[in-house]
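Colleague: Could you take me closely through a single part of this model, namely the strand pairing and the salt bridges that go with it, and set it against the confidence of the prediction?

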Amino acid sequence: MIKLFVSVASAIALMGLVAYGQTSSTSTRVATGTNGTTETTTTTTESTGTVTDFTPGQMMVLKTEAAEPVRYKFSKHVTYVTADGRVVQPSQIRKDSNVRVHYVKEGDNMLVDKVIVTKDRD
């Protein structure tokens, strides 16, 4: 149980250290306790960048610190929110919007389940 707590605390600390344009991820870990219960730590991967192309419900391309823009596809259910957690409509996301995306990698695809609109850089 202590190992699980330390893993979760470390994952939360890592998310706070994510800088603009960087990608962070935590690994999935499944452990069986001494009493036979199974505990799972969920994988969270996120990336931050500037929207260069966006088709609601289909795909998004972000300019990050990577040499080439990164293309993301959308999962069946995507949540769009502001940095303070307010829900926004996909139509409010425009080219040059700064966003952070949460995604899961499936084969060669990166499937976004959450788009967070961050403050514009000065």
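Modeller: Let me begin with confidence, since this is a predicted model. Among the elements of the protein, strand β5 (residues 59-63) has the highest confidence, at 95, whereas strand β1 (residues 23-25) has the lowest, at a mean of 51. Over residues 13-22 the pLDDT stays under 50, and for that stretch the model has 21 contacts beyond four places in sequence, contacts that I leave out of the close look. Averaged over the protein the pLDDT is 77, with 63% of the residues scoring at least 70.

The protein comprises 1 helix and 8 strands, and along the sequence the helix is followed by the strands in the pattern α-β-β-β-β-β-β-β-β. Of the contacts with a separation of 6 or more, 48% are between residues 24 or more positions apart.

The part to look at is strand β8 and its partners. Strand β8 (residues 109-117) pairs with strand β6 (residues 70-82) in the parallel sense, over 6 bridges, and within this pairing Y80 has V115 in β8 as its bridge partner. Strand β7 also pairs with β8, but here the two run antiparallel and are joined by 8 bridges. E106 stands opposite N109 in β8, and the hairpin of β7 and β8 has 2 residues between the strands, with G107 taking a positive phi near 65°.

From β7 a side-chain link leads to another strand. E46 and R100 form a salt bridge in which the closest N and O atoms are 3.7 Å apart; because E46 lies in strand β4 (residues 45-55) and R100 in strand β7 (residues 98-106), the pair ties together parts that are 54 residues apart in sequence. The two residues have their own degrees of exposure: E46 has a relative accessibility of 3% and so counts as buried, while R100, at 26%, counts as partly exposed.

The search of the whole structure finds 2 salt bridges. Besides the pair just described, the side chains of R86 and D84 meet in a salt bridge with an N to O distance of 3.2 Å, and here both R86 and D84 are exposed.

As a background to these assignments, buried residues make up 31% of the 122 residues in the protein, and the accessible surface comes to about 8200 Å², of which 53% belongs to carbon and sulfur atoms.

How values were computed: Residues are numbered from 1 along each chain as its sequence is written. This is a predicted model: local features need pLDDT of at least 70, side-chain atom pairs count only at pLDDT 80 or more; totals for chains, interfaces and linings use all residues. Side-chain values use heavy atoms; hydrogens and water are left out. Helices (H or I, at least four residues) and strands (E, at least two) are DSSP runs, numbered from the N terminus. Buried means under 20% relative accessible area, exposed over 50%, partly exposed in between (1.4 Å probe, protein chains only). Contact means heavy atoms within 4.5 Å. Accessible areas come from the Shrake-Rupley method with a 1.4 Å probe; for residues, only the protein chains shown count as cover. pLDDT is the predictor's confidence in each residue, from 0 to 100. A salt bridge is a side-chain nitrogen of Lys or Arg within 4 Å of a carboxyl oxygen of Asp or Glu. Two strands pair if DSSP finds at least two bridges between them.
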